[in-house]
Amino acid sequence: ISIDPQFAMAHARIGYAYAVTDFLPERGRPYLDHAFRLESHLTAKDRRYVAAWRHIARLDYEGAVRAFREIVAAYPLETEAYWRLARLLYGEDQPQEAVDVIRRGLLVDPTKSEHDAFDYGDRPSKSQRKRDSTAAQDLGAQVAELSRDKIESLGLPEKLQDALIET
């Protein structure tokens with residue numbers, strides 16, 4: 001990037017690495033946004049990928065699913081799009097459709113396995129993330145209602161104990 005700041009795919013792949021691979025969307029967004037602004041330096045296919053990755057970086061998984069569906073429709077030999085689409089569908093609690101997408105991808109590249117589509121780490125499903133969030137909020141509400149004496153009796157580290165007492 002320092003040699004050629006107009007190298008749009010360099011910005012895009014750095015953003016992809018952060019937002020999609022490492023699931024650090026806030027770190028990936030600026031790179032993906034910059035690549036998107038350099039769209040005249042991208043091929044039509046790369047513009048679609050950057051758009052899809054930007055959806056992921058914004059945690060807009062429905063938008064990402066739409067974008068990857070468009071990539072698969074426009075570039076049916078693009079196996080990366082099948083695997084990513086399948087992974088997104090699985091994360092959005094659409095496992096049967098994910099399997100169908102994997103099967104279509106396997107027709108394109110039979111050297112892959114169904115496991116390849118899900119070998120990106122274990123991102124919990126949208127429903128699981130919602131359940132976890134609700135459970136954390138419920139726990140926080142219960143802790144906030146504890147008396148000072150009860151909090152002190154828990155034997156927590158002093159900084160955590162002080163923080164809970166302040167709430």
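**View 1. Ring pairs join Tyr16, Tyr49, Trp53 and Phe68 into one cluster.** Start here, with four aromatic side chains linked up through their rings. Keep in mind that this is a predicted model. In the protein, the count of aromatic pairs comes to four. The next views pick out some of the rings in this cluster.

**View 2. Tyr49 and Trp53 make a tilted aromatic pair.** Their ring centres sit 5.6 Å apart, and the planes meet at 45 degrees. Why is that called tilted? Because planes under 30 degrees apart count as stacked and those over 60 as edge-to-face, with the rest being tilted. Both residues belong to helix α3, which covers residues 44-57. Tyr49 and Trp53 are four residues apart there, or about one turn of the helix. Are these two residues buried or exposed? Tyr49 is buried, with a relative accessible area of 3%, and Trp53 is buried too, at 1%.

**View 3. Tyr49 also pairs with Phe68, this time edge-to-face.** The two ring centres are 6.0 Å apart and the planes lie at 75 degrees, so the pair counts as edge-to-face. Which helices does this pair bring together? Tyr49 is in helix α3 and Phe68 is in helix α4 (residues 61-74), so the pair ties together parts that are 19 residues apart in sequence. Like Tyr49, Phe68 is buried.

**View 4. Arg13 holds its charged end over the ring of Tyr16.** Tyr16 is one of the cluster members from the opening view. Here, look at what sits over its ring: the charged end of Arg13, 5.0 Å from the ring centre.

**View 5. Lys45 lies over the face of Tyr75.** This is another spot where a charge and a ring meet. How far is Lys45 from the ring centre of Tyr75? The distance is 5.8 Å.

**View 6. Stepping back, the protein has 10 helices and zero strands.** Follow the chain along its sequence and the pattern reads α-α-α-α-α-α-α-α-α-α. Of the 167 residues, 34% are buried; Tyr49 is one of the buried residues. Now take the contacts with a separation of 6 or more: 47% of them involve residues 24 or more positions apart. As for the outside, the protein exposes about 10200 Å², and carbon and sulfur atoms supply 53% of that area.

Notes
Residues numbered from 1 in each chain as written. Predicted model: local features only at pLDDT ≥ 70, side-chain atom pairs only at ≥ 80, totals over all residues. Heavy atoms only, no water. Helix = DSSP H or I, 4+ residues; strand = E, 2+ residues; numbered from the N terminus. Buried < 20%, exposed > 50% of the residue type's maximum accessible area, 1.4 Å probe, protein only. Contact = heavy atoms within 4.5 Å. Areas by Shrake-Rupley, 256 points an atom, 1.4 Å probe, with all protein chains shown as cover. Phe/Tyr/Trp six-rings, centres within 6.5 Å; stacked < 30°, edge-to-face > 60°. Lys NZ or Arg CZ within 6 Å of the ring centre and 35° of its normal.
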